[in-house]
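Here's an informal walk through one model, meant to be read with the structure open beside you. Have a look at it first, and then we'll go through the helices, the sheets and a few odd residues.

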Amino acid sequence: MDSSQIGVVGGGVVGLATAIFLQQAGYQVTLIDKEAPGMGASFGNAGLFADYARLPFANFSMLRKMPRMLLDKSSPLSMQFSYLPSLIPYGKAFVKACFPANYTHAKAAMRALQEHAQQADEALLNLTQAQDLIKSEGCLGLFASEEGFAAAQRGDLQQRREQGVELEFLNATQVHALEPNLAAFHVGGVFYPKTRFTVSPVELSRRYARHFTAHGGVILQDEVQALVPNDNGVVVRLSDRDISYDRVVLCAGLASKHLLAKLGIKVPIVSERGYHLTLDLGEKSLSRPVGWLDKSVFLTPMEDGVRLAGTAEFASADAPLNEARTAAMLDHAKVMLDNNPSIKSSWVGSRPSTPDTLPVIGSLERYPRITVGFGHGHLGLTFAAVTGQLITESLLGQTHKIDINPFSATRFS
Ligand SMILES: Cc1cc2nc3c(=O)[nH]c(=O)nc-3n(C[C@H](O)[C@H](O)[C@H](O)COP(=O)(O)OP(=O)(O)OC[C@H]3O[C@@H](n4cnc5c(N)ncnc54)[C@H](O)[C@@H]3O)c2cc1C
């Protein structure tokens, strides 16, 4: 068994999953986060293990829609004007990713990840005894118009089927039978029977962190200033000291970009902010996540209320919460529920998004003692465990279960 000392930077769901699989493989692992584990993007997601997400966002049809969406204040897409310069490298790579050959390549890579994601999740959830936080009730994606539903059936939903996603089309009556508390705002939609969700993303991270420390892992709360690789390992520069590790795994979400930039490695990930509101529906509830696909919002029943999540706002990570975004989301929820729910809390956070929708996973060519796992965009919860397994395979020198070249950090150069 290899007992090398590994430092994992970032204790979001990706860093936690990675730390646990490395620990299980016999490494001595220290996890470093500037906050308590699970308080970054991993805190605020919609809780879906989104098995249906097998199509890259970057395609020419999306590109054509973007200008109109950016101008429409009620659309799910928005941009902070001052963030525009940071978006230029991302935008160029996004356009490149839209070309059919690149789209097809990314689609195949997403499918490959998805085909191993569920098994990886099961392994992690069983190991950490976190199955009680997971529900297997499937998930609904609804449409407000027959026209929109029919177009999706011919387009995206057909492509998803071809990508191996299990799905069923339901009419409004069938949806009502599953979710009687939903209003009749829809004409029906798609049901993904295999989709699971967590009732508490933050408790899931905490459960992972507890398992990790209970099995000898160390968690340091400090802000990593820089990574300094040398011939024998990597020095991690903290706020007031340096610590050396044999190898470092960088899983710091959006901040990974800045830490790599200090090493001269540019990766065009951006802050694609998402919001959530925790709603109190009183007597009403839902049994499973329900998305209104025309509006890109999801309602997920969680431990502390129903989480209304959505929005893609390209904006600086530290910009204030934009109340116009939460107001638009709340308007959609009122229509979905035919109810005026009270708001228990609101949150905004940054998805670490890549232009081609694929995460960045693997050891760096220039600095092989640094391995990375970040850039999971909308799918960090879904791909955390499989990322952790792939990184562990890399460090152990094992053959990967899938081709990881599509996830390389150098693909953008
Ligand atoms: C509204 C919304 C809904 C979403 N819904 C879903 C969903 O349903 N399903 C799904 O799969 N995904 C979903 N996502 C995406 C998912 O939440 C993210 O992809 C995922 O949380 C990314 O995890 P991470 O560990 O890479 O990043 P993070 O959770 O952001 O973790 C990074 C960690 O690094 C730490 N860090 C940063 N810089 C430093 C430093 N210098 N030193 C030390 N520590 C540092 C941070 O404190 C943080 O804890 C959603 C996201 C949002 C915003």
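Helices H1 and H8 cross in a left-handed sense. Keep in mind that this is a predicted model, and that goes for everything below.

**The H1 and H8 pair**

H1 covers residues 13–24 and H8 covers residues 201–214, and the two pack at an angle of about 25° with their axes 10 Å apart. How are they oriented to each other, then? Angles under 35 degrees count as roughly parallel, and H1 and H8 are therefore roughly parallel to each other.

One pair of residues gives you a feel for how the chain brings these helices together. Arg 206 and Ala 17 are separated by 189 residues in sequence, but their C-alpha atoms are 11 Å apart in space. Arg 206 is part of helix H8, and it counts as partly exposed because it has 17 C-beta neighbours inside 10 Å. Ala 17, on the other hand, is one of the buried residues of H1.

**H1 and H11 side by side**

Here are the two helices with their lengths, counted in residues and as the span from first C-alpha to last.

| Helix | Residues in helix | Span | Expected span at 1.5 Å a residue |
|---|---|---|---|
| H1 | 12 residues | 17 Å | 16 Å |
| H11 | 17 residues | 23 Å | 24 Å |

In H1, the span is close to the expected value, and H11 likewise comes out close to its own.

How many residues of H1 are buried? The count is 11 of its 12, so H1 is mostly covered. The buried ones include Val 13, Val 14, Leu 16, Ile 20, Phe 21 and Leu 22, along with Gly 15, Thr 18 and Gln 23. After H1 comes Gly 26, with a positive phi near 105°.

H11 takes in residues 380–396. Of its 17 residues, 14 are buried, so H11 is largely enclosed by the rest of the structure. H11 also isn't straight all the way: at Val 386 it bends by about 30°. Gly 397 follows H11, and its phi is positive too, near 75°.

**Two sheets**

Strands of a sheet pair through backbone hydrogen bonds, and they can do so parallel or antiparallel. Both kinds of pairing come up here.

Start with the open sheet of 6 strands, whose order is E10-E2-E1-E14-E21-E20 and whose pairing is mixed. Which strands sit at its edges? Those are E10 (218–221) and E20 (360–363); each has a single partner strand, so one side of each is left without a neighbour in the sheet. On average, neighbouring strands of this sheet are turned by 20° against each other, direction ignored. Within the sheet, E14 (residues 247–250) and E21 (residues 370–374) pair in the parallel sense over 3 bridges. If you want to find that pairing on screen, look for Val 248, whose bridge partner in E21 is Ile 370.

The other open sheet has 3 strands in the order E11-E12-E13, with antiparallel pairing. Its edges are E11 (226–229) and E13 (242–245), each with a single partner strand, so one side of each lacks a neighbour in the sheet. The twist from one strand to the next averages 25°. Strand E12 (residues 234–237) runs antiparallel to E13 and is joined to it by 4 bridges. Val 235 is a handy marker, standing opposite Ser 244 in E13.

**Odd backbone angles and a partly exposed isoleucine**

Which backbone angle does Gln 129 show, glycine or not? Its phi is positive, about 50°, although Gln 129 is not a glycine. Gln 129 lies in the loop between helix H4 (100–127) and strand E5 (134–135). It is exposed, because 11 other C-beta atoms lie within 10 Å.

Asp 338 is another non-glycine with a positive phi, about 45°. You'll find Asp 338 in the loop between helix H10 (323–337) and strand E19 (342–353). With 12 C-beta neighbours inside 10 Å, Asp 338 counts as exposed.

Strand E19 also holds Ile 343. Is Ile 343 buried or partly exposed? It is partly exposed, because 14 other C-beta atoms lie within 10 Å. Ile 343 and Leu 308 are 35 residues apart in sequence, while their C-alpha atoms are 9.9 Å apart in space.

Conventions. Residues are numbered from 1 along each chain as its sequence is written. This is a predicted model: local features need pLDDT of at least 70, side-chain atom pairs count only at pLDDT 80 or more; totals for chains, interfaces and linings use all residues. Two strands pair if DSSP finds at least two bridges between them. Axes are lines fitted to C-alpha atoms, for helices over the stretch in contact, and angles run from 0 to 180 degrees between N-to-C directions. The expected span of a helix is 1.5 Å times one less than its number of residues. The bend at a residue is the angle between axes fitted to the seven residues ending there and the seven starting there. A residue is buried if 20 or more other C-beta atoms lie within 10 Å of its own, exposed if 12 or fewer, and partly exposed in between; C-beta atoms are placed from the backbone. Angles under 35 degrees count as roughly parallel, over 145 as roughly antiparallel, 65 to 115 as roughly perpendicular and the rest as oblique. A crossing is left-handed if the near helix is turned anticlockwise from the far one by less than a right angle, and right-handed if clockwise.
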